[in-house]
Amino acid sequence: MKLIFLKNRFLLAAVTFLLFSQAARVDIARADIRGRGEAPLAIPTFHCLGLYWSPEGGAADQEVAVRYRKHGTPDWNEALPMRYHPIPKTDEDMADYRGSIVHLAPATTYEIQLTLVGTQTSANLSATTWSEDFPVGETVRVSDRNTPLAITESGTPKAWRLYDGRGTTIDVDHRYNECITIDAAYVIVRGFKLRGAGAANAARRGPVGAIRINGGHDIVIEDCDVADWGCLNRKRGFGYNMDSAILSSSRTLKRLVIQRCKLHHPTYDGSTWYEPTHPTHTRGPQCISLFNTAGNHVIRYNECYSDLEHMYNDVIGGGSNGSFRGSPGHDSDIYGNLVSHCWDDGLEVEGGNRNTRVWGNYIAQSAMMIGNAATSIGPLYIWCNVCARSQWKPDYHGGYFLKMGFAGGEHWMTGHQYIFHNTLFRSDDWLPTGGLGGNRIVKHTVSRNNILHVRSPRGRSASEAKQNVDNDFDYDLYNGLVPKDQEKHGVRGEPVYDTAAGFDPATRTGRFQLAPASPGAGVGQPIPNFSDGYTGAAPDIGAHQRGAPAMRYGVNAKQP
């Protein structure tokens, strides 16, 4: 499989989608996709559009070229082509061709042209990204309390119901399993300080959540500070698995936005792979857990952290991993987050991963930086993330940048994924031992412009498992082992960073640019819609281009 970056003119077609208003945009997003008609569809978030199309004549050897522009402007921009990739035995794939346009402006209408390469088949559509300004109707001011707040009254698309918790603390002192429960639509939960979720003496009925979403849709959780949640598993001596700051297993939950929250320091510690016995899977609390929801979520600009005495299982994750749904769900974005302190996956992005996008996160103090085992539908996009400090347990080396492999069987490894412009940054001796999966199975994966700096030259920057299928690794900077038939334009060596490089925990900012004479500087492959912000003939390999401002994570972050 090769990336083909087309520069030809596209044909126009008679199929045109209506330009839609904010309200119409919500209706179309809610409809999802039914069937495999010839009309294309776009599902928006703030900065991205997920595209779906099943044109007549689609085939494995024919890509769909994509270009886009802001409505009313003359110049077209090229996007990544879409690959023909229907998934047998499910209708969750929704279309034969799937793909995303990224780095868009909020509340903006875009014109999109799709062309089946080598044919006269073409289609046009227009789509509008989400607005970041939610229209507030009634505001409910909440005072300090020591019992849970139940949110059951909904707003409307034109008048969201705001629960204002600024300056308010809900501390249930481990007498209740939740601080807030939500079963409503068009609600905003803002500014709460939440403590003490997880009833110490209650009968156990699954994971607890400081904020538990039992149902509803179109929910915004923002500017909240959550700590001291979870219960003790006295038999194991560690916190219960999946006790979460924010939790939902509602199969109808869609369009959940979690932004600018601080989720930190659960009540109890999670176990490593080496305790109570070895080997054993980690178990413990998490910051955000979503199980088989209806997707189209955004998790952005959050700070999820702890300390070595209060570690997580995964930081952001859920399930089911071996499925066509999983976490976070289709058409979802995870970006701008600070993620650290877990004994398994910093970000667990597993299951269907249909137009799931993960970018611009700083992931540290984790065993596996990003879990993607498996991706059953795709495409999954992972780009411009920075990873540092990988450990399985204190004072012992960790795992991989990307987990790869499968959950529940190799038959789930049917989706494709794109891995662009990520950096494995050497902040200390604890680099990941593997890059693209160690030597786990990797399938249907394109890798470009990544710094795959692993702990030892004898480690694997990219997997060479005999079961690997349909992979294309190239233009990466690597110091470990790679398959012999890959990385034809890759650079073997170790990165040399600018003297100011590193992460500043006080400001939550980082500089990860290569020095001008470093291997990988100015020799990457330009990737339409993904290699933004570089100067010169070609981009730098890695997440941070020379000349770009410092990367910012957490509650003060924003998109360029």
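Start by selecting strands β1 and β2, residues 49-53 for the latter; they pair in the antiparallel sense over four bridges. The model on screen is predicted. A hairpin of four residues leads from β1 to β2. To see one bridge, pick I43 and look across to its partner in β2, G50.

Now show the side chains of β1, residues 41-44. Which residues of β1 point the same way as L41? I43 does, while A42 and P44 point the other way. All four are buried. In a regular strand the side chains alternate between the two faces of the sheet.

**Zoom out to the whole chain**

Show the full chain as a cartoon. The secondary structure comes to one helix and 47 strands. Along the principal axes, the C-alpha atoms fill a box of roughly 65 × 55 × 45 Å. The radius of gyration is 23 Å, which agrees with the value near 24 Å that a compact globule of 560 residues would have.

Colour the residues by burial next. Buried residues make up 63% of the 560 in the chain. Switch to a surface view: the chain exposes about 20,500 Å², and carbon and sulfur atoms supply 50% of that area.

Then colour by charge. The chain has 57 positive and 57 negative charges. How far apart are the mean positions of the two sets? They are 1 Å apart.

One last count for the whole chain concerns contacts between residues at least 6 apart in sequence. Of these contacts, 74% join residues at least 24 apart.

**Strand β29 and its two partners**

Select β29, residues 356-359. T356 and V358 point one way from the strand, and R357 and W359 point the other way. All of these residues are buried.

Add strand β25, residues 333-335, which pairs with β29 in the parallel sense over three bridges. Then add β32, residues 380-383, which pairs with β29 in the parallel sense over four bridges. Centre the view on V358. In β25, I334 has V358 as its bridge partner, and in β32, V358 stands opposite I382.

**A sheet of three strands**

Move to β45, β46 and β47. They form an open sheet in the order β45-β46-β47, with antiparallel pairing. Which strands are at the edges? They are β45 (502-504) and β47 (551-552), each of which pairs on one side only. Select β46, residues 509-511, and follow the three bridges that join β45 to β46. At one position, D504 stands opposite T509 in β46.

**Two cis peptide bonds**

Select G319 and S320. A cis peptide bond joins them, with omega about 5 degrees. S320 is placed in the loop between β23 (316-319) and β24 (326-327).

Go on to A373 and A374. The peptide bond from A373 to A374 is also cis, and omega is near 5 degrees. A374 is in the loop between β31 (368-371) and β32, the strand that pairs with β29.

**Two residues with positive phi**

Select Y186 in strand β12, residues 180-195. Its phi is near 55 degrees, a positive value in a residue other than glycine. Is Y186 buried or exposed? Y186 counts as buried because its relative accessibility is 6%, and the cut-off for buried is under 20%.

Then select D395, in the loop between β33 (386-393) and β34 (396-397). Phi of D395 is near 60 degrees, again a positive value in a residue other than glycine. D395 has a relative accessible area of 67%, so this residue is exposed; the cut-off for exposed is over 50%.

**Last stop: N302**

Select N302, in the loop between β21 (298-300) and β22 (303-305). N302 counts as buried, with 0% relative accessibility. What does N302 touch, leaving aside residues up to four places away in sequence? Its contacts are I258, Q259, R260, C261, G336, N337, L338 and G554.

Finally, draw a distance between the C-alpha atoms of N302 and A557. The two residues are 255 apart along the chain, and their C-alpha atoms are separated by 8.9 Å.

Key:
Residues are numbered from 1 along each chain as its sequence is written. This is a predicted model: local features need pLDDT of at least 70, side-chain atom pairs count only at pLDDT 80 or more; totals for chains, interfaces and linings use all residues. Side-chain values use heavy atoms; hydrogens and water are left out. The radius of gyration is taken over C-alpha atoms; the globule rule is 2.2 Å times the number of residues to the power 0.38. Buried means under 20% relative accessible area, exposed over 50%, partly exposed in between (1.4 Å probe, protein chains only). Contact means heavy atoms within 4.5 Å. Accessible areas come from the Shrake-Rupley method with a 1.4 Å probe; for residues, only the protein chains shown count as cover. Lys and Arg count as positive and Asp and Glu as negative; His and the chain ends are not counted. The place of a charge is taken as NZ of Lys, CZ of Arg, CG of Asp or CD of Glu. Two strands pair if DSSP finds at least two bridges between them.
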